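Visitor: I am new to this structure and would like a close look at a single part. Please show it to me, and then I will ask about one place.

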Amino acid sequence: MRDVIFVACILRVHKELVGESETPSHDPATWAMSIADRCNPNDKKVLLQIKKSFNDPYLLASWNPKTDCCGWYQLECDEITNRVTALTIFGGEISGQIPPYVGDLPHLKTLIFRKLSNLTGHIQPAIAKLKNLTMIRLSWTNLSGPVPDFLSTLPNLDYLDLSFNDLTGSIPPSLAKLTKLNALHLDRNRLTGSIPEAYGQFKGSVPDLYLSHNRLTGKIPKSLGDLDFSVIELQRNMLVGDASFLFRNSSRSTFRIDISRNLLEFDLSGAIFPENLGALDISHNRIYGNIPSQITSLGNLQGLNASYNRLCGKIPQGGRMGRFDYSSFFHNRCLCGTPLPNNCTSG
């Protein structure tokens with residue numbers, strides 16, 4: 001029987017390579033191939049509907065109805081249940097909108113549409129039916145419309161990436177209800193309004209927070225200072241006011257803080273930097289005061305940019321500070337000392 005299956009596999013591969021079509025047959029080889037097809041028939045039907053919705057693109061050429069869908073590119077099946085658990089459509093020429101049929105793959109844990117510049121329309125509401133999803137990555141596309149509230153109803157979601165799109169509107173506070181979320185990417189869109197106060201009240205996991213390169217306004221909620229974010233990126237928005245509450249606890253595990261290119265204005269003199277801090281960018285704001293000497297104790301600091309502010313006083317020496325050149329400190333009101341000139345009265 002093994003020999004029959006092996007021969008059948010060879011014949012099928014040959015026919016696919018030369019472009020021959022298979023005709024119905026009742027011979028043992030064909031029968032053996034049919035029982036080897038472990039793909040769930042409902043999942044297979046849905047996948048073929050998705051392919052048709054995209055006008056049978058070359059990227060999905062392996063999605064042949066005569067073959068086992070668990071062997072198709074761009075997806076994965078569970079080894080025990082044989083249900084489709086991951087749909088990962090990446091790159092290639094895909095045009096149109098996300099088909100509603102994606103909501104008919106109930107065992108999906110991973111849903112990725114990425115680097116598809118011709119993918120348009122709003123984020124598909126049918127995604128709300130996929131309660132087993134742990135990862136959604138809809139990035140580097142031309143998706144538009146709002147960040148939908150229904151994403152907050154996906155209880156197992158631990159990674160949400162909607163970056164590099166054309167999304168507009170405000171950030172929904174409801175996403176703070178996701179208790180398992182480890183990373184939230186809403187960066188590189190055209191989002192407006194303020195950062196929700198609820199984002200300082202995540203229950204369970206505290207996600208890496210990426211809200212940069214949008215059009216956000218208003219003040220950073222003080223509640224964000226109450227959570228131990230590993231990464232917080234708010235750069236290139238129009239945020240105003242005080243952000244000193246992000247620097248008041250050395251025991252935090254925060255590794256990267258980027259609040260650059262905003263309109264923030266506060267005194268840095270009393271800042272207490274997290275001991276694990278590896279990258280800090282506060283450039284292009286209106287921050288004043290001096291750089292606290294505690295910064296020299298940060299053994300993991302690899303990146304620092306405090307330029308284009310209103311800082312004064314001597315640049316602290318020691319620790320890893322010697323690795324940063326003048327571009328990390330220039331264009332301040334009266335900052336001085338290596339690597340800048342020693343004259344603290346110069347502008």
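Visitor: Where is the place of serine 260? Please start there and work outwards.

Guide: First, a word on the source. This is a predicted model, in which local features need pLDDT of at least 70 and side-chain atom pairs count only at pLDDT 80 or more, while totals for chains, interfaces and linings use all residues. Residues are numbered from 1 along each chain as its sequence is written, and side-chain values use heavy atoms, with hydrogens and water left out.

Now to serine 260. Serine 260 sits in the loop between strand E16 (256-258) and strand E17 (263-264). Strands (E, at least two residues) and helices (H or I, at least four) are DSSP runs, numbered from the N terminus. The relative accessible area of serine 260 is 5%, so this residue is buried. Buried means under 20% relative accessible area, exposed means over 50%, and partly exposed lies in between (1.4 Å probe, protein chains only).

What does serine 260 touch, leaving aside its neighbours within four places in sequence? The contacts are Gln235, Arg236, Asp281, Ile282, Ser283 and Asn285. Contact means heavy atoms within 4.5 Å.

Step along to strand E17. Leucine 263 is found there. Its relative accessibility is 35%, so leucine 263 counts as partly exposed. Leu263 also joins Met238 and Val240 in a nonpolar patch on the surface. Together these residues have about 220 Å² of accessible area. Such areas come from the Shrake-Rupley method with a 1.4 Å probe; for residues, only the protein chains shown count as cover. Patches are made of residues with over 30% relative accessible area and no salt bridge; nonpolar side chains (Val, Leu, Ile, Met, Phe, Trp, Tyr) are joined within 5 Å, like charges within 9 Å. A salt bridge is a side-chain nitrogen of Lys or Arg within 4 Å of a carboxyl oxygen of Asp or Glu.

Next, the partner of E17. E15 and E17 pair in the parallel sense, over two bridges. Two strands pair if DSSP finds at least two bridges between them. Glycine 241 has leucine 264 in E17 as its bridge partner.

This pairing belongs to an open sheet. Six strands form the sheet, in the order E7-E9-E11-E13-E15-E17, with parallel pairing. Strand E7 (144-145) and E17 stand at the edges, each with a single partner strand, so one side of each has no neighbour in the sheet. In a regular strand the side chains alternate between the two faces of the sheet.

Follow the sheet inwards. E11 (residues 190-193) and strand E13 (residues 215-219) run parallel. Two bridges join them. Threonine 192 has arginine 215 in E13 as its bridge partner. E11 is also joined by two bridges to strand E9 (residues 166-169), again running parallel. There, threonine 168 stands opposite arginine 190 in E11.

Return to the loops on either side of E16 and E17. Which aromatic pairs matter for this view? A search of the whole structure finds eight aromatic pairs. Phenylalanine 247 and phenylalanine 273 form an edge-to-face pair, 5.7 Å centre to centre, with 70 degrees between the planes. Phenylalanine 247 lies in the loop between strand E15 (238-241) and E16, and phenylalanine 273 in the loop between E17 and strand E18 (279-281), so the pair ties together parts that are 26 residues apart in sequence. Rings of Phe, Tyr and Trp (its six-membered ring) pair if their centres lie within 6.5 Å; planes under 30 degrees apart count as stacked, over 60 as edge-to-face and the rest as tilted.

Phenylalanine 247 counts as buried, at 1% relative accessibility. Phenylalanine 273 is buried too, at 1% relative accessibility. Phe247, Phe266 and Phe273 form one aromatic cluster.

To recap the part you asked about: serine 260 is buried, and its loop lies between E16 and E17. E17 stands at an edge of the open sheet, with leucine 263 partly exposed.
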